[in-house]
Amino acid sequence: MLATLSAVAAAVLVSGTAGGYTVDAEGRFAPPAAFIPSAAVTYDQSFVPAAASIRVRQHTAAGGATTVDLRITGVRPHHSFGAYVHERPCGARPADAGARYENQPGGAEGDAVRLDLTTDAQGAGAASDHHTWGLRRGEAASVVIQDRPGDDATRVACFTVPFGWVTEQARAYDGKTTGPRTGPQVR
């Protein structure tokens, strides 16, 4: 277990400056019952084979605006996937990741971090989503990959990500104080 935690921790880079911070996490997919567990879990290898890779990068600016980038490689070629940030870490079952993260729970379209993408002939694809708001502490924990974009899609893979958060001081920052309080949340 300690070796697994060390391997996952080595794949996460957190850096910060007065202008915000960045969380950069990478992983290789493995089935839930793999001998060596992974933060990246595949539930359907016909879409996301074991050993396919994922990278999620979150950059949150000093005022709280957040961009989340997703890149996957080695998955089903020429395919459109849905992807969203979810509330809980990945688990043995697709439902373990919980509901989609929403800036305002029960809010309007655009309140979620949506990362839909289409892969190329080599099974690589990328997506990015930018919002003027930041993630709340403890409420964003994974990126779920779906078999297709949309609400009625099936979860085929999941990647647990140590997303950072924005404090209330940062949300209220007006540029005249000593600066916002933002920070990475490392679980």
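## Strand 9 and its surroundings

The bridge partner of Ala-83 in strand 9 is Ile-145. A strand here is a DSSP run of E at least two residues long, numbered from the N terminus. Before going on, keep in mind that this is a predicted model, in which local features need pLDDT of at least 70 and side-chain atom pairs count only at pLDDT 80 or more, while totals for chains, interfaces and linings use all residues. Residues are numbered from 1 along each chain as its sequence is written, and side-chain values use heavy atoms, with hydrogens and water left out.

**Strand 9 and its partners**

Strand 9 covers residues 142-146. On one side, strand 6 runs antiparallel to strand 9, and 5 bridges join the two; strands count as paired if DSSP finds at least two bridges between them. Strand 9 also pairs with strand 10, again antiparallel and over 5 bridges. In that second pairing, Gln-146 sits opposite Arg-155 of strand 10.

How much of strand 9 is buried? The count is 5 of its 5 residues, with buried meaning under 20% relative accessible area, exposed over 50%, and partly exposed in between (1.4 Å probe, protein chains only). Both faces are covered: Ser-142, Val-144 and Gln-146 are buried on one side, and Val-143 and Ile-145 on the other.

**The disulfide**

Strand 10 brings us to the cysteines. Searching the whole structure turns up 1 disulfide, that is, a pair of cysteine sulfur atoms within 2.5 Å. The pair is Cys-90 and Cys-158, with sulfur atoms 2.1 Å apart. This disulfide links distant parts of the chain, 68 residues apart: Cys-90 is in the loop between strand 6 (80-86) and strand 7 (117-118), and Cys-158 is in strand 10 (residues 155-160). The torsion about the S-S bond of Cys-90 and Cys-158 is about -85°, so the disulfide is left-handed. Cys-90 and Cys-158 are both buried.

**A buried glutamine**

Gln-58 belongs to strand 4 (residues 53-61). Is Gln-58 buried or exposed? At 1% relative accessibility, Gln-58 counts as buried. The Gln-58 side chain has a polar contact (N or O atoms within 3.5 Å, one able to donate a hydrogen and the other to accept it; residues adjacent in sequence count only if both atoms are side-chain atoms) with the side chain of Tyr-21, at 3.5 Å. A polar atom of the Gln-58 side chain also lies 2.8 Å from the backbone nitrogen of Gly-164. Setting aside neighbours within four places in sequence, the residues in contact with Gln-58 (heavy atoms within 4.5 Å) include Tyr-21, Thr-22, Val-68, Leu-135, Phe-163 and Gly-164.

**Two positive phi values**

Most residues other than glycine have a negative phi. Ala-51 goes the other way, with a positive phi of about 85°. Ala-51 is in the loop between strand 3 (40-42) and strand 4, and at 46% relative accessibility Ala-51 is partly exposed. His-78 also has a positive phi, near 50°. His-78 is in the loop between strand 5 (66-73) and strand 6, and with a relative accessible area of 60% His-78 is exposed.

**Salt bridges**

Counting a side-chain nitrogen of Lys or Arg within 4 Å of a carboxyl oxygen of Asp or Glu as a salt bridge, the model has 9 of them. Three pairs are listed here.

| Salt bridge | Closest N and O atoms |
|---|---|
| Arg-57 and Asp-69 | 3.8 Å |
| Glu-139 and Arg-136 | 2.7 Å |
| Arg-148 and Asp-147 | 2.8 Å |

Take the pair of Arg-57 and Asp-69, with 3.8 Å between the closest N and O atoms. Arg-57 lies in strand 4 and Asp-69 in strand 5, so this salt bridge ties together parts that are 12 residues apart in sequence. Arg-57 is partly exposed at 32% relative accessibility, and Asp-69 is partly exposed at 22%.

For the other two pairs, Glu-139 is partly exposed at 31%, whereas Arg-136 is buried at 17%. Likewise, Arg-148 is partly exposed at 32%, whereas Asp-147 is buried at 12%. Finally, salt bridges link Asp-24, Glu-26 and Arg-55 in a network.

Methods. Helices (H or I, at least four residues) and strands (E, at least two) are DSSP runs, numbered from the N terminus.
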